[in-house]
Amino acid sequence: MRYFVAVAEELNFTRAAERLHMAQPPLSAAIRQLEEQLGVALFERTTRQVELTPAGTLLLEKAHALLAHADEVFSSVRDMEREPIGKLRLGVTPTARFGLAAELFAACATQAAGVMLYPREDTTGVLLRELRAGRLDLVLAFCAPPDDTLVRERLRDEPAVLHVGASHPLAARTSVALEELRDERLIVAGSPDSSGYTAMIAQLCRAAGFEPNTAPDPYPDLGLRAIRDGLGVVVYVRTAFASELEGSVFVPIEPQITMPFDLLWRGATNSGALDATLGVARRLRDREDWLIATSG
């Protein structure tokens, strides 16, 4: 129909082809195909000129309305994908279980009610593989390693604390400096799927002037049971644990260091549900002032 309008307005196949940025033969073929579909001649062609037939004149009168309606329909279909509705498959690090994830879910329930969240909890490494494979739409990750294939946005800089058993000598302190842990055994992740966290612990300790003495956690609940078994101490975030935790003490680290929670997604696959969820997360972050300029 757009081809027909161009020829009808130009009354010249060469000029119409130039206007459409195409060659003349396929344009002429398209017009012949349209005439065959309609069963009428739309143009009177002579060696000197091209004129509209009565049928062609009538079609031109209707064509602009048809094209405008088509544009409206296509735009509506495209906009539906951008609406803040739909299903979102969200991967969540266990570290966010008690704090950040719950706050994000509650905010989405009120601010993006049309988005159905389907959360899946797993280690950051597993979640990022699922995201790259297209089986998740968005991941809330903790200490995620670099990945140039994904879009990343910081959601929260969480102050780190020292997690020790109640009987540990440092448990009575009001704060502890990171360099004071040079003689302590630091429990780190036992799984390669949490390699970003382990690498960050090493990086923070080296920045504090010492090489950490680390040991992989033999249990999946990073530090929880290992602390009770006296296997070492853990540098982690307080919100990773329940508010009441018998046998555990959390000591602030001063000067403050922070550990990152990031949102990651595939940049070319944005949807209305994803955009709505990202918008909720950004408003929540800004309202609560979760980003710390001096983040470690």
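**View 1. The second largest pocket in this predicted model is lined by Leu 11, Asn 12, Phe 13, Thr 14, Gln 24, Ser 28, Arg 45, Thr 46, Thr 47, Arg 48, Gln 49 and Val 50.** Sorted by type, that lining comes out as seven polar, three nonpolar and two charged residues. Two helices pitch in with at least two lining residues each: H2 (13-20) and H3 (24-38). As for volume, this second largest pocket comes to about 160 Å³.

**View 2. Here's the largest pocket, with a volume of about 530 Å³.** Its lining takes in 24 residues, and the ones nearest the centre are Pro 94, Pro 220, Asp 221, Leu 222 and Tyr 236. Nonpolar residues account for 14 of the lining, with seven polar and three charged ones making up the rest.

**View 3. Helix H4 and strand E5 mark the two ends of the confidence range.** Mean pLDDT bottoms out at 76 in H4 (residues 54-82) and tops out at 97 in E5 (residues 138-142). Over the whole chain the average is 90, and 95% of the residues score at least 70. A word of caution: where pLDDT is low, don't read the predicted coordinates in detail.

**View 4. Stepping back, the chain is built from nine helices and 11 strands.** Its radius of gyration is 31 Å, well over the 19 Å that the globule rule gives for 296 residues, so the chain is more spread out than a compact globule. The C-alpha trace spans about 100 × 35 × 30 Å along its principal axes. Some 44% of the 296 residues count as buried. Take the contacts between residues at least 6 apart in sequence, and 73% of them join residues at least 24 apart.

Note on methods:
Residues are numbered from 1 along each chain as its sequence is written. This is a predicted model: local features need pLDDT of at least 70, side-chain atom pairs count only at pLDDT 80 or more; totals for chains, interfaces and linings use all residues. Side-chain values use heavy atoms; hydrogens and water are left out. On a 1 Å grid over the protein atoms alone, a cavity is a set of points where a 1.4 Å probe fits but cannot get out, and a pocket is an open set with protein on both sides within 12 Å along at least five of seven lines; lining residues have an atom within 4 Å of a point. Grid points are joined across faces, edges and corners, and a volume is the space filled by probe spheres set on the points. Ala, Val, Leu, Ile, Met, Phe, Trp, Tyr, Cys and Pro count as nonpolar, Asp, Glu, Lys and Arg as charged, and the others, Gly among them, as polar. Helices (H or I, at least four residues) and strands (E, at least two) are DSSP runs, numbered from the N terminus. pLDDT is the predictor's confidence in each residue, from 0 to 100. The radius of gyration is taken over C-alpha atoms; the globule rule is 2.2 Å times the number of residues to the power 0.38. Buried means under 20% relative accessible area, exposed over 50%, partly exposed in between (1.4 Å probe, protein chains only). Contact means heavy atoms within 4.5 Å.
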